[in-house]
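Good morning, everyone, and thank you for making room for this short talk. Please have the sequence and the model open while I speak, so that you can follow along.

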Amino acid sequence: MKKFASDTSSRSLKGWIKALAVLLSGLVIAHLGVALFLQSSLGTDTFTVFIQGLSRLTGLTVGTVHVIILCALMLVMLLTTKGYVKPGTVVCAFCGGPIIDFFSWLLRDAVNGASPMAVRILSMLAGCVILSLGMSVVINSNAGTGPNDLIAIILSDRLPRIQFRWVRVGCDLFFVVAGFLLGGTVGAGTIAAVCLTGPLVQFWLPRSALAVQAVLGETPEEN
C-alpha cells in the first residue's frame, strides 16, 4: 500500500475548497457511525471508549473531550511529523465532537438502551460500516485526517511490512484497554469495532477513492 503522507503544496485554492468539502462530508458520515454506536448502548467505537472514559473522569461531554484530545494529538503530530497534519486535520479536530453530539441528540428517541435488541444490534453494525466508509472518504480527500486516525496512518507508513488493517487493529485495542480502565463502555459493539474497523477501512479505501477522485478531478499522483 502506498504511503499516506503527501505533499499538497501545489493544490489550488479551488482544489482545497473541494477537498475540504469532501473531507467534511466524510467526517459527517463517520460521526453518524459513531453516534449509532453510542445510541446502541452495546459499546462504542474504539476511540470513543477512550473518550467516554475521559468524559466520565472529567464530567465534560463526550463531544467536548473529543475536541480537547484531538487538539492535543494534532499539536504533538504537527511538532513531530511532516506531511500528515493538514487544514482538514483542524476541521476534524474541531467539528468531530459537535457532529457526534448532534447525531446523538437526533437519534436519542429512535435508538437507545430501551430499544428492541434487534434495533440496537443493527444500529451497532451499521455504525461500524458507516464509520469505516466515512473514514475512507476523509483519508482519500487528501486534505487531512482526524488526529486519532493519524496515529494508525503514521504507524502504517513507518511499518510498511504490516498491512494498514492490522496496524489499525492494534491501535484500536490500545484505545479500548485504556478507555475501559478509565470507565468507558465496552461491549459487543466495541469488540465488533476492534475486529472490523481496520479491515473495513482498507476495504473502502480503493472504492471511495474512485468517487473522491471524480469529485476532485485529481489522479492519485496529483495533489
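I will go through some helices first, then the way they pack in pairs, and then a few residues in the loops.

Before anything else, please keep in mind that this is a predicted model, and that every value I give is computed from it.

Let me begin with helix 3, which covers residues 62-80. Does its length agree with what we expect for its 19 residues, or disagree with it? At 1.5 Å a residue the helix should span 27 Å, and because its end C-alpha atoms are in fact 27 Å apart, the expected and the modelled lengths agree. Several of its residues are buried, namely Val-62, Gly-63, Val-65, His-66, Val-67, Leu-70, Met-74 and Met-77. What covers these buried residues includes helix 1 (13-40) and helix 2 (46-58), and also helix 4 (87-107) and helix 6 (147-158).

Helix 7, at residues 164-182, can be treated in a similar way. Its 19 residues should span 27 Å at 1.5 Å a residue, and the 27 Å between its end C-alpha atoms agrees with that. The buried residues here are Phe-164, Val-167, Arg-168, Val-169, Cys-171, Asp-172, Phe-175, Val-176, Ala-178 and Gly-179, and you may like to notice that Arg-168 and Asp-172 are on that list. Among the elements that cover them are helix 2, helix 5 (117-140), helix 6 and helix 8 (188-216). Just after helix 7 comes Gly-183, which takes a positive phi of about 105 degrees.

Now to the pairs. Two packed helices are described by the angle between their axes and by the distance between those axes.

How do helix 2 and helix 7 pack, and at what angle? Their axes are 7 Å apart and the angle is about 20 degrees; since angles under 35 degrees count as roughly parallel, the two helices are therefore roughly parallel to each other. Their crossing is left-handed. On the helix 2 side the contact involves Thr-46, Phe-47, Val-49, Phe-50, Gly-53, Leu-54 and Leu-57, and these meet Arg-168, Asp-172, Phe-175, Val-176, Ala-178, Gly-179, Phe-180 and Leu-182 of helix 7. Sorted by class, the residues of this contact are 10 nonpolar, 3 polar and 2 charged.

Helix 7 also packs with helix 6, and there the axes come within 9 Å and cross at roughly 135 degrees, which makes helix 6 oblique to helix 7. The crossing of this pair is right-handed. Helix 6 contributes Asp-149, Ile-151, Ala-152, Ile-153, Leu-155 and Ser-156 to the contact, while helix 7 contributes Phe-164, Val-167, Arg-168, Cys-171 and Phe-175. By class this contact has 8 nonpolar residues, 1 polar residue and 2 charged ones.

The last pair is helix 1 with helix 4, whose axes are 8 Å apart at an angle of about 40 degrees, so helix 1 is oblique to helix 4. Helix 1 passes helix 4 in a right-handed crossing, and the contact between them has 19 nonpolar and 5 polar residues but no charged residues.

Finally, let us turn to the loops.

In the loop between helix 1 and helix 2 we find Ser-41, which has a positive phi of about 55 degrees although it is not a glycine. Ser-41 counts as partly exposed, because its relative accessibility is 40%. Leu-42 lies in the loop between helix 1 and helix 2 as well, but Leu-42 counts as buried, at 14% relative accessibility. Beyond its neighbours within four places in sequence, Leu-42 is in contact with Met-117, Arg-120, Ile-121, Met-124, Gly-187, Ala-188, Gly-189 and Thr-190.

Asn-142, in the loop between helix 5 and helix 6, likewise has a positive phi of about 55 degrees without being a glycine, and at 15% relative accessibility Asn-142 counts as buried.

Which residues does Val-111 touch, if we leave aside its neighbours within four places in sequence? They are Gln-39, Ser-40, Val-119 and Ser-123. Val-111 is found in the loop between helix 4 and helix 5 and is buried, with a relative accessible area of 8%. Val-111 and Phe-37 are 74 residues apart in sequence, and their C-alpha atoms are 9.8 Å apart in space.

Key: Residues numbered from 1 in each chain as written. Predicted model: local features only at pLDDT ≥ 70, side-chain atom pairs only at ≥ 80, totals over all residues. Heavy atoms only, no water. Helix = DSSP H or I, 4+ residues; strand = E, 2+ residues; numbered from the N terminus. Expected span 1.5 Å × (residues − 1). Buried < 20%, exposed > 50% of the residue type's maximum accessible area, 1.4 Å probe, protein only. Contact = heavy atoms within 4.5 Å. Axes fitted to C-alpha atoms, helices over the stretch in contact; angles between N-to-C directions. Parallel < 35°, antiparallel > 145°, perpendicular 65-115°, else oblique. Left-handed = near helix turned anticlockwise from the far one by under 90°. Nonpolar A, V, L, I, M, F, W, Y, C, P; charged D, E, K, R; others polar.
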